[in-house]
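Trainee: I want to learn how to read pockets, cavities and charged pairs. Can we work through one case?

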Amino acid sequence: MTPRIQTLPTTTLVGKKTITSFAEKNTFELWQSFSPRKKEINHSINNDSYAVEIYPTTTFFQNFDPTQPFEKWAAIAVSKMEEIPKGMESLTIPEGLYAVFPYKGKPSEAMKAFRYIYGEWLPKSEYEMDCRPYFALMGEKYKGEHPESEEEFWIPITKK
């Protein structure tokens, strides 16, 4: 699993958020409440979905506690902000460097990939976690829990 290193421009998203933890596992409910309403969002850039996670510290995974809360978003990118549908909010991801890891397989089986990213690749790389949102980008090849599903994991990084 070799990432590409890419600078993400400032990106504006509109969607729904919740405070959750890995122990809570309420991702399905978040997406179930958001997905049917995506068409209400004006000026969407494409049909890609962003599963955003905002962790309280850059050492969140080094000191991993499955009950530790973090912010989780289900969102899409927009080209400009006008009216935000009721019950939704906006999030701006600031410009910055990302390690982008392609992933193919069931999302529920991605833990092996995350162990590699945070436990092997990141410590051995010339980078460390940056304090910006992490996200999974789910485009046309994303098929949910299908073994052929494809998505990208965008890890915010900065030079050590």
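Mentor: We will take open space, then buried charge, then salt bridges. Keep in mind that this is a predicted model.

Trainee: How do I look for empty space, and what is the volume of the largest pocket?

Mentor: Start with the general idea. Rolling a probe the size of a water molecule over the atoms shows where empty space is left. Here the largest pocket has a volume of about 1100 Å³.

Trainee: How many residues line the largest pocket, and which lie nearest its centre?

Mentor: The lining has 36 residues. Nearest the centre are T27, E53, K72, P107 and S108.

Trainee: Which helices and strands each supply at least two residues of that lining?

Mentor: The helices are α1 (27–34) and α2 (111–124). The strands are β3 (49–54), β4 (70–78), β8 (134–138) and β9. Helix α2 gives the largest share, with five residues.

Trainee: How does the lining of the largest pocket divide by class?

Mentor: Into 18 nonpolar, eleven polar and seven charged residues.

Trainee: And how many cavities of 30 Å³ or more does the structure hold?

Mentor: One. Its space is about 30 Å³. The lining residues are V14, I41, N42, H43, V78, K80, M81, E82 and E83. By class, they split into four nonpolar, two polar and three charged.

Trainee: Back to the pocket centre. Is E53 buried or exposed?

Mentor: E53 has 8% relative accessibility, so E53 counts as buried. The cut-off for buried is under 20%. E53 sits in strand β3.

Trainee: Which residues does E53 touch, setting aside those up to four places away in sequence?

Mentor: F22, F70, E71, K72, P133 and Y134. Look at A74 as well. A74 is 21 residues from E53 along the chain, and their C-alpha atoms are 9.2 Å apart.

Trainee: Now salt bridges. What is the idea, and how many does a search of the whole structure find?

Mentor: Side chains of opposite charge can pair when their charged atoms come close. The search finds eight salt bridges here.

Trainee: Which residue forms a salt bridge with K159?

Mentor: E126 does, with the closest N and O atoms 2.2 Å apart. This pair links distant parts of the chain. K159 belongs to strand β9, E126 to the loop between α2 and β7 (127–129), and 33 residues separate them. K159 has a relative accessible area of 48%, so K159 is partly exposed. E126 is partly exposed too, at 46%.

Trainee: What N to O distance do R37 and E40 show?

Mentor: Their side chains meet at 2.9 Å, N to O. E40 counts as partly exposed because its relative accessibility is 36%.

Trainee: Which residue does D130 meet in a salt bridge?

Mentor: R132, at 2.9 Å, N to O. Check the accessibility of each partner. D130 is partly exposed, at 24% relative accessible area. R132 has 12%, so R132 is buried.

Trainee: What about E151: where is it found, and what is its nearest side chain of opposite charge?

Mentor: E151 is found in strand β9 (residues 150–159). E151 is buried but has no salt bridge. The nearest side chain of opposite charge is K72, 8.9 Å away. A salt bridge needs the charged atoms within 4 Å, so that distance does not qualify.

Trainee: Which residues does E151 touch, again leaving out those up to four places away in sequence?

Mentor: F101, P102, Y103, P107, A136, L137, M138 and Y142. You met P107 before: P107 is one of the residues nearest the centre of the largest pocket.

How values were computed:
Residues numbered from 1 in each chain as written. Predicted model: local features only at pLDDT ≥ 70, side-chain atom pairs only at ≥ 80, totals over all residues. Heavy atoms only, no water. Helix = DSSP H or I, 4+ residues; strand = E, 2+ residues; numbered from the N terminus. Buried < 20%, exposed > 50% of the residue type's maximum accessible area, 1.4 Å probe, protein only. Lys, Arg positive; Asp, Glu negative; His and termini not counted. Contact = heavy atoms within 4.5 Å. 1 Å grid on protein atoms, 1.4 Å probe; cavity = no way out; pocket = protein on both sides within 12 Å on 5 of 7 lines; lining within 4 Å. Points joined across faces, edges and corners; volume = space filled by probe spheres on them. Nonpolar A, V, L, I, M, F, W, Y, C, P; charged D, E, K, R; others polar.
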